[in-house]
Amino acid sequence: MPSLRLANLIDGRLQAPRQDRWLDVFEPASGEVFAHCPDSSADDVEAAVAAAHAAAPAWAATPSEQRARLLQRLADLVEARLDAFAALESRDSGKPLSLARSLDIPRAVSNLRYFAAAIVPWSSESHAMELGAINYTLRQPLGVVGCISPWNLPLYLFTWKIAPALAAGNAVVAKPSEITPCTAALLGELSIEAGFPPGVLNIVQGRGPSVGQALVEHAQVKAISFTGSTRTGAQIAAAAAPRFKKLSLELGGKNPAIVFADADLSEANLDTIVRSGFANQGEICLCGSRLLVQRSIYDDFRARYLARVRALRVGDPRDASSDLGALVSREHFEKVMGCIEQARAEGGQVLCGGESLALPGPLAGGWYVAPTVVEGLAPEAATNQHEIFGPVVSLIPFDDEDEALAIANGTGYGLAASLWTADLSRAHRFGARLDVGIVWINCWLLRDLRTPFGGTRQSGVGREGGVEALRFFTEPKNICIRY
Ligand code: NDP
């Protein structure tokens with residue numbers, strides 16, 4: 001089968017990269033190249049920013065109902081091709097097709113629809129002063145904004161950024177991860193069909209240090225919304241600082257799942273706890289990679305938990321019975337395997353998994369790792385401090401609430417936590433003391449798009465979601481008028 005050749009979307013046209021350089025795109029399930037994506041340069045970014053700059057004033061002046069209609073039309077087009085999008089996402093990232101079909105693509109559709117609906121009634125505040133004056137706030141689009149997204153939830157996170165940016169009246173230059181560029185490219189094609197004016201949405205494919213950096217450094221790009229690693233987030237913050245750009249940074253995590261002895265450990269809840277560690281091969285920033293369990297139930301819990309983890313099936317992402325697919329790239333696979341070695345070297349006992357898996361036939365070259373559980377490591381061990389972003393969970397016992405809290409808050413990250421307890425007072429008390437942006441109590445990954453989303457400390461700066469995203473993509477201006 002001939003390989004796919006992706007294009008950039010610049011000024012409403014699909015374009016090859018100006019320097020005619022291309023990158024291989026791999027299918028993680030087999031390790032084979034199946035597509036080529038533009039290895040764009042600063043010249044392509046320049047052209048995209050120029051197109052966005054030219055389109056921005058008319059787009060800002062377009063009534064919000066009309067912007068919303070176009071976003072809804074794009075959502076319709078994606079929804080009508082749900083199967084094609086899901087197949088492409090699974091092929092590009094190695095994630096189970098069932099997950100792409102049930103989570104990634106429906107959520108991308110919801111992102112477009114949610115912000116289309118949210119922008120129309122959005123209003124700003126006004127304050128009457130007793131002196132006989134009124135203050136009102138205009139929230140104006142920023143102009144050209146940059147959106148940079150990672151590989152783990154490609155279309156889901158891509159649309160999570162471009163939808164509020166476009167809804168709020170900005171022209172966008174977006175860069176998907178070069179590792180998983182396919183679904184964003186397809187969305188770009190559909191945006192032409194949906195009828196977006198040329199230059200309003202531009203997609204420049206390519207590598208972070210070239211395309212991403214050129215976008216961050218461009219004087220006409222007023223804001224950067226970035227999701228990715230803490231290391232890249234720090235580089236972006238340093239590059240953006242002298243240019244005084246608005247920044248939203250959604251970064252890594254080392255999330256705790258905390259199980260108290262009084263928790264309802266029904267089969268369904270146990271399944272959720274297992275899923276919270278291993279969904280999408282552990283390649284979700286919200287996965288709980290540290291599983292804290294109260295010592296009085298530790299042995300029983302461990303036995304039940306391990307039985308479930310051992311039953312997880314790693315296999316062909318297209319196979320509906322596969323719980324986990326392949327890791328996204330050879331580089332990431334090697335990193336995760338290195339982390340497992342490090343856990344052993346630090347004295348951790350590998351209770352299950354701990355090895356790579358070779359699948360038969362055409363999938364022999366794929367990057368598969370068995371779901372891995374380790375125990376016996378101090379909370380300060382590197383394995384319990386650094387993000388692995390793979391199917392590796394570390395079990396840590398604790399005695400009481402204070403100890404659990406110290407361990408939970410005891411990393412540099414502060415993205416999310418899940419808490420399992422039947423004690424309502426404890427749930428509120430403990431939730432308030434966790435130094436993270438998102439707390440789930442007796443659940444995991446329930447997402448309401450109206451709620452603020454983001455992390456503290458090395459997990460990021462700013463919040464996405466609901467009005468937070470619309471605020472980020474607009475500049476407030478206060479006007480005071482005396483009467
Ligand atoms: P990276 O930081 O490597 O890359 C993220 C994006 O930034 C990619 O598009 C990348 O391009 C680009 N990029 C890389 N270098 C630069 C640069 N110097 N300037 C501008 N852009 C650049 O992250 P990953 O793609 O590896 O994603 C995994 C990480 O994302 C994990 O740490 C995970 O926790 C985090 N994440 C956080 C979430 C959150 O909401 N907090 C949600 C999902 C993931 P390219 O890939 O082409 O190099």
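Begin by selecting helix H13 (residues 424–433) together with the elements that cover its buried residues, which include strand E13 (255–259), helix H12 (401–408), strand E21 (416–420) and strand E22 (438–441). Helices (H or I, at least four residues) and strands (E, at least two) are DSSP runs, numbered from the N terminus. The model is predicted, and local features need pLDDT of at least 70, side-chain atom pairs count only at pLDDT 80 or more, while totals for chains, interfaces and linings use all residues. Residues are numbered from 1 along each chain as its sequence is written, and side-chain values use heavy atoms, with hydrogens and water left out.

Within H13, pick out Arg426, Ala427, Phe430 and Gly431, which are buried (under 20% relative accessible area, with exposed meaning over 50% and partly exposed in between, for a 1.4 Å probe and protein chains only). Seen down the axis of H13, these buried residues fall within an arc of 120°, so they line one face of the helix; the arc is that of the directions from the helix axis to the C-beta atoms. Turn to the other side of H13, and Leu424, His428 and Ala432 are exposed. At the start of the helix, a side-chain oxygen of Asp423 comes to within 3.0 Å of the backbone nitrogen of Ser425.

Next, select Phe430 with Phe260, an aromatic pair that is edge-to-face, at 5.5 Å centre to centre and 80° between the planes. Rings of Phe, Tyr and Trp (its six-membered ring) pair if their centres lie within 6.5 Å, and planes under 30 degrees apart count as stacked, over 60 as edge-to-face and the rest as tilted. Because Phe260 lies in the loop between E13 and helix H9 (267–278) and Phe430 in helix H13, the pair ties together parts that are 170 residues apart in sequence.

For another group of rings, show Tyr114, Phe115, Trp160 and Phe453, which ring pairs link into a cluster.

Finally, go to Asp92 in helix H3 (residues 82–93). Asp92 is buried yet has no salt bridge, and the nearest side chain of opposite charge, Arg91, is 8.3 Å away. A salt bridge is a side-chain nitrogen of Lys or Arg within 4 Å of a carboxyl oxygen of Asp or Glu. A polar atom of the Asp92 side chain does lie 3.0 Å from the backbone nitrogen of Cys182. Leaving aside neighbours within four places in sequence, Asp92 is in contact (heavy atoms within 4.5 Å) with residues including Val25, Phe26, Pro28 and Phe34.

Notes: Lys and Arg count as positive and Asp and Glu as negative; His and the chain ends are not counted. A polar contact is a pair of N or O atoms within 3.5 Å; within protein, one must be able to donate a hydrogen and the other to accept it, and residues adjacent in sequence count only if both atoms are side-chain atoms.
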